[in-house]
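Let's take a walk through this one together, starting with charged side chains and ending with greasy ones. Pull up the viewer and follow along.

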Amino acid sequence: HGGDKTASLMTAILDETTGVTSRLLDSQLLQLQRSVEEWYAGIRKQVYKYDQFLDIQRKQIYRLRKHILTSSTDELMHLIFTYIRADIADTVQKHISGHPRTWNVLDICTDVGDLVKEEIFPVSFAEGLQKDLAQGKWKLEKEHTFPTAS
C-alpha cells in the first residue's frame, strides 16, 4: 500500500522526537489510510455475505429439526424414505450413462448396498440383471423381483 516507502523515507530523514508537517507526507498517509480502509471494507463485505449464506443454511437446518421433532411416526418414515430414495437415485444416476447394455449393474448394486450399509442385492441378482441388459432384454415387460431381507 506504499507504507514501506513512506516508513523508509521517514526513518532516513527524521528521528522519533522530531515533529513533521509536510503536505506530501500528509497526502501519502491519507492515501495509505484510504487504501487500508478500502481493503478492510472489502473483507467486511465478504464476511457479511458469508454470514448471510450461513444464516440461510442455519434456518433450513432448524426448520428441518423442528419438523422432525414435531412429526408423527408415519411422517418421519415418509421423510426418511424420501431421503433414502433420493440418495439411491443419485447413486444409480452416477452409473447409468450410455446404453443400458453398457451399465455395470454389479457396481450399481454394490454402491447402493454400500449406501445403506447392507447387501440389498445378492451378486446373483446383479449378475442376472447384467446378463439381461447385455442381451437387450432391458425393455421387457417382466419385472425383476427384488430379494427380501432375511
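A salt bridge here means a side-chain nitrogen of Lys or Arg within 4 Å of a carboxyl oxygen of Asp or Glu. Keep in mind that you're looking at a predicted model, with every value computed from it. Under that rule, the count comes to two salt bridges.

Start with Arg58, which pairs up with Asp55: their closest N and O atoms sit 3.0 Å apart, inside the 4 Å cut-off. Both residues belong to helix H2, which spans residues 23-70. They are three residues apart, about one turn of the helix.

Now stay on Asp55 and look the other way. Asp55 also forms a salt bridge with Lys59, and this time the closest N and O atoms are 3.4 Å apart. Asp55 and Lys59 are four residues apart in helix H2, so about one helical turn separates them. Put the two pairs together and you get a network of salt bridges linking Asp55, Arg58 and Lys59.

How open to the outside are these three? Asp55 comes in at 25% relative accessibility, which counts as partly exposed. Arg58 is partly exposed as well, with a relative accessible area of 37%. Lys59 has a relative accessible area of 52%; the cut-off for exposed is over 50%, so Lys59 is called exposed.

Next, slide along to helix H3, residues 73-93, and find Thr91. Is Thr91 buried or exposed? Its relative accessibility is 11%, and buried means under 20%, so Thr91 counts as buried. What does Thr91 touch, once you leave aside its neighbours within four places in sequence? The answer is Asp111, Val112 and Leu115.

That leaves the greasy part. In soluble globular proteins, nonpolar side chains tend to be buried together. In this model, the largest nonpolar core has five residues in all: Val105, Cys109, Ala126, Leu129 and Leu133. Two elements give two or more residues to this core, namely helix H4 (105-115) and helix H5 (123-134). Of the contributors, H5 gives the most, with three residues.

So, to retrace the route: the salt-bridge network of Asp55, Arg58 and Lys59 came first, then buried Thr91, and last the five-residue core with Val105 and Leu133 among its members.

Technical notes:
Residues numbered from 1 in each chain as written. Predicted model: local features only at pLDDT ≥ 70, side-chain atom pairs only at ≥ 80, totals over all residues. Heavy atoms only, no water. Buried < 20%, exposed > 50% of the residue type's maximum accessible area, 1.4 Å probe, protein only. Contact = heavy atoms within 4.5 Å. Core = buried A, V, L, I, M, F, W, Y, C linked by side-chain atoms within 4.5 Å.
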